[in-house]
Amino acid sequence: MKEPKLSLHYDIDGTDFLAAGSASSDTKRILKQSGIDARVIRNVAIAMYEGEINTVIHAGGGTADVNIYDDCIEIILTDHGPGIENVEQAMQEGFSTAPENVRALGFGAGMGLPNMKKYTDEMTVESEIGTGTVVTMKVNL
Amino acid sequence: MKISKIAELLSAEVYTGRELLETSVYSACGADMMSDVLAFVKDQSVLLTGLVNPQVVRTAEMMDMRCIVFVRGKKPDQTIIDLAKQANMVILATGLRMYCACGLLYSNGLVGTEVKKQ
């Protein structure tokens, strides 16, 4: 793959759920300035935001990298959390291991991963128990 | 429907985004689960919710929404107002419950996208 035109890197703070989403918000702002189609930007923003929330809820934070290429936008979310026991199960709508306090805040309905898949053109989840998870998503331009 | 009309119909207080009150919006949705908003909402520009935390603004921001209406007398705190300001969004709050707030807007012409399609 060619070198990206632009790369963004964010550390996702895992200690403050209420502050989550700042990386996605910043990415959205930067993409808007690059004149990319509004629908593409929205898809990237939603998928990344869901991922960012997951990183905070399940893994105590991590990192987000966004690479903008000529033909696609790539989002890589990396964490060193507990890992996903059964990725196939986690991809099913409605399956959730989120604690009750997260549900009270409006999340944890088991729509995160399926939603990330829905809004992107490609998505891979690599996860190892005790080591962490890497989610890579691509949205075509 | 102009956002100012929404505020009037719901007897809502405007917390931020006064300069955007003359913006026209064409559909709305009501939800307390942000997960559902992110999963099911499409092209709605107004979110009515009884959930009050900064992630409501983040969710609306990702969905390109223009206005959040807090129902059931819920009041936004300064963090929420500041985030909405940054995101160029209007924040309204009404004492009405969700069902009545949605019903008033709907019966005055602000429908959901599902109805528009029919």
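**Entry 1. The interface**

I began with the area buried between chain A and chain B, which is about 2000 Å². Carbon and sulfur atoms give 51% of that area. I note that the model is a predicted one. The size of an interface is often given as the accessible area lost when the parts come together.

I then looked up how many residues take part. On the side of chain A there are 28 residues in contact with 20 residues of chain B. I also recorded 19 residue pairs in polar contact between chain A and chain B, both residues being at pLDDT 80 or more.

Which elements of chain A supply the side that touches chain B? I found that helix 1 (22-33), helix 2 (38-59), helix 4 (100-104) and helix 5 (112-119) of chain A each give two or more residues. Helix 2 of chain A gives the most, with eight residues. I sorted the residues on this side of chain A by kind and obtained 15 nonpolar, seven polar and six charged.

**Entry 2. Salt bridges**

Side chains of opposite charge can pair when their charged atoms come close. Over all chains, I counted eleven salt bridges in the structure. Between chain A and chain B the count is four.

I examined one of these pairs, A:Arg39 with B:Asp43, in which the closest N and O atoms are 3.5 Å apart. Why does this pair join two chains? A:Arg39 lies in helix 2 of chain A, while B:Asp43 is in the loop between helix 2 (34-40) and strand 3 of chain B, so the salt bridge links the two chains.

**Entry 3. The sheet of chain A**

I turned next to the sheet of chain A. Its five strands form an open sheet in the order 1-2-3-5-4, and the pairing is antiparallel. Strand 1 (6-13) and strand 4 (122-128) of chain A are the edge strands, each pairing on one side only. From one strand to the next, the twist averages 10 degrees.

How many bridges join strand 3 to strand 5 of chain A? I found eight between strand 3 (residues 72-79) and strand 5 (residues 132-140), which run antiparallel. As an example, I noted that A:Glu74 has A:Lys138 in strand 5 of chain A as its bridge partner.

Helix 2 of chain A packs on this sheet and touches strand 1, strand 2 (61-68), strand 3 and strand 5 of chain A. Its direction makes about 5 degrees with that of strand 3 of chain A. Helix 5 of chain A lies across strand 3, strand 4 and strand 5 of chain A, at about 145 degrees to strand 4.

**Entry 4. The sheet of chain B**

Strands of a sheet pair through backbone hydrogen bonds, either parallel or antiparallel. In chain B, I found an open sheet of five strands with the order 1-5-4-3-2 and mixed pairing. Strand 1 (13-16) and strand 2 (28-30) of chain B stand at the edges with a single partner strand each, so one side of each has no neighbour in the sheet. The twist here averages 20 degrees from one strand to the next.

Strand 3 (residues 46-49) and strand 4 (residues 67-70) of chain B run parallel and are joined by four bridges. Here B:Leu47 has B:Ile68 in strand 4 of chain B as its bridge partner.

Two helices of chain B concluded my search. Helix 3 (residues 54-62) of chain B packs on the sheet and touches strand 3, strand 4 and strand 5 (90-93) of chain B, its direction making about 150 degrees with that of strand 4. Helix 4 (residues 78-86) of chain B also packs on the sheet, touching strand 1, strand 4 and strand 5 of chain B. The direction of helix 4 makes about 70 degrees with that of strand 1 of chain B.

Definitions and conventions:
Residues numbered from 1 in each chain as written. Chains lettered and ligands numbered in written order. Heavy atoms only, no water. Pairing = 2+ DSSP bridges. Axes fitted to C-alpha atoms, helices over the stretch in contact; angles between N-to-C directions. Contact = heavy atoms within 4.5 Å. Buried area = accessible area lost by both parts, 1.4 Å probe. Salt bridge = Lys/Arg side-chain N within 4 Å of Asp/Glu carboxyl O. Polar contact = N/O pair within 3.5 Å; in protein donor to acceptor, adjacent residues only side chain to side chain. Nonpolar A, V, L, I, M, F, W, Y, C, P; charged D, E, K, R; others polar.
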